[in-house]
Amino acid sequence: MSNRAAAVSAWQPQKLPKVAWGKGCYIYDTDGRQYIDGSGGPAVFCLGHGNEEVNAAIARQLDKVAHGYRYTFTSDPLEQLTALVAERCGGSLKRMVFVTGGSEAVESCLKLALQYHAARGQMSRRRFIARQRSWHGNTLGALAVSGFKDRRAAFEGALVEASHISPVNAYRPPAGVAPEDVAEYCANELEQEILRCGPENVAAFIFEPVVGAAAGAVPAPAGYARKVREICDRHGVLMIADEVMCGSGRTGTWRALEHDGVEPDIMSVAKGLAAGYLPLGAAIYSDKIANAIVPVHGGPLTGHTFSGHTACCAAGVAVQTIVKRERLVEKVAEDGKYLVSILNEKLGDKPYVGDIHGRGFFIGIELVADRATKEPYDPAKQVFIKLREQSFANGLICYPSGGNVDGVKGDHVILAPPYIATRAELDEIVDKLAKSLAQVMGKL
Ligand SMILES: Cc1ncc(COP(=O)(O)O)c(C=O)c1O
């Protein structure tokens, strides 16, 4: 049974507790059990649960009107959110298409890239290059560019062909490459793949600046993003940053690539944008893209019934207003250092902890059977599934996943606490994780 199949079989909705209510970093089931949300669900609930200001903003909007359909109306929330997001992005990332989640945001990014080349008369530029150990979403286009073997397997044969180059992970460099050479080696591999496909055939390179579920909060080494930017520019290939999981402030800068001093041509955001209060995502694009497509097509040739949904945008405005006013991105940058320090203190010397990595409130812990050789656990041991169950039993929500080594082997756990988490709450999350890990490892 594959990792994915094992994870899906272990997930039995009829056995799950029923969610009742949440407040701050805590969420409760209908039996009154309390859970601390150490991963914001899947890196979503950046303001925690039950935020009254956000709920009131949504209710106020619903009292007026739920949604002004995009071909009939614009709205204050839509315009305010556009201005807020453009300000947070800075530079030339000023235009956006709002959608209802991460996969739709990635689909829109891919389509904007194709549309850009079409508008410039370069219809041969249709191919996408992506990376192995990446996750871009569950719709067919987003799945086609995803390098997540287990999640693709049942759909192979129906996915648009894309290139998948090496993952970029200094802890697990490509064979024969020293950790300090990973950035250079992997960027060169992108250029080689562009040349192999023929630059005239390549539309865009899509990547996660800090890889989420497929690798476990793994940032690329310094210098990688800059080199990728140069290579893309040299060959007329667009750069798409998938910041669905790592963006919206989670890594301690609003855009994850801000850390590297790089601006992509197109970028997806979702999870933290409206913090899970209502479904919302966005494909954000630069002046370069707008200047090509607007004169030819009038605007983006993508969108859905619920694009720019008014109440969802009102949720986004409320969330982003709080994130800005309370300086939560700055808090994440600062408290992220504390989170890593307590993880190192409590787990750094454990024989089953291979590496602790990430940025801000997006931290991954890779679990290994042997620290010296970095040998992963036999997938049959189902370590990440057991960890998910044990932590949950201990009242901790975290995000364990598998397949990070070669698509099948590998176990890791992501912590992505709400930005509002206090240091005492971070302590509680790490203590519960350490306890759960000791219990799981003790029984292997
Ligand atoms: C980097 C990345 N892109 C895209 C997606 C897809 O987002 P959604 O599940 O909201 O469709 C995810 C979801 O985990 C993600 O982590």
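**Ligand site**

I looked up which residues surround the ligand in this predicted model. The list reads Gly101, Gly102, Ser103, Trp135, His136, Gly137, Glu208, Asp242, Val244, Met245 and Lys271.

I then noted some polar distances. A polar backbone atom of Gly102 is 2.8 Å from an oxygen atom of the ligand. Lys271 uses its side chain: an N or O atom there is 3.0 Å from a ligand oxygen. For Trp135, a backbone N or O atom lies 3.4 Å from a nitrogen atom of the ligand. I also checked how much of the ligand is covered: on its own it has 390 Å² of accessible area, and the protein covers 80% of that.

**Helix H4**

I went to H4 next and checked its length. Its 14 residues should span 20 Å at 1.5 Å a residue, and the end C-alpha atoms are 20 Å apart, so the two values agree.

At the N-terminal end I found a cap: a side-chain oxygen of Ser75 lies 3.2 Å from the backbone nitrogen of Leu78. After the helix comes Gly90, with a positive phi near 70°.

The buried residues of H4 are Pro77, Leu81, Leu84, Val85, Ala86, Arg88 and Cys89. I looked for what covers them and found, among others, helix H3 (52-64), strand E4 (93-99), strand E11 (266-269) and strand E12 (281-286). H11 and H12 are also included in that cover.

**Helix H12**

Since H12 is part of the cover of H4, I turned to H12. This helix runs over residues 328-347. Its 20 residues should span 28 Å at 1.5 Å a residue; the end C-alpha atoms are 27 Å apart, which agrees. I noted a kink of about 30° centred on Asp335.

Is Asp335 buried or exposed? I found Asp335 among the buried residues of H12, which also include Leu328, Val329, Val332, Gly336 and Tyr338. Further along, Leu339, Ile342, Leu343 and Leu347 are buried as well. I kept in mind that an α-helix has 3.6 residues a turn, so residues three or four places apart point the same way.

The cover over the buried residues of H12 includes helix H4 (76-89), helix H11 (310-325) and helix H14 (423-442). Strands are included too: E13 (353-359), E14 (362-367) and E17 (411-415).

**Ala225**

My last entry is on Ala225, which lies in helix H9 (residues 224-235). Ala225 counts as buried because its relative accessibility is 4%, against a cut-off of under 20%. Leaving aside neighbours within four places in sequence, I found Ala225 in contact with Met239, Leu257, Asp260 and Val262. I also looked up Ser401: Ala225 and Ser401 are 176 residues apart in sequence and 25 Å apart in space, C-alpha to C-alpha.

How values were computed. Residues are numbered from 1 along each chain as its sequence is written. Side-chain values use heavy atoms; hydrogens and water are left out. Helices (H or I, at least four residues) and strands (E, at least two) are DSSP runs, numbered from the N terminus. The expected span of a helix is 1.5 Å times one less than its number of residues. The bend at a residue is the angle between axes fitted to the seven residues ending there and the seven starting there. Buried means under 20% relative accessible area, exposed over 50%, partly exposed in between (1.4 Å probe, protein chains only). Contact means heavy atoms within 4.5 Å. A residue is near a molecule or strand if one of its heavy atoms lies within 4 Å of it. A polar contact is a pair of N or O atoms within 3.5 Å; within protein, one must be able to donate a hydrogen and the other to accept it, and residues adjacent in sequence count only if both atoms are side-chain atoms. Accessible areas come from the Shrake-Rupley method with a 1.4 Å probe; for residues, only the protein chains shown count as cover.
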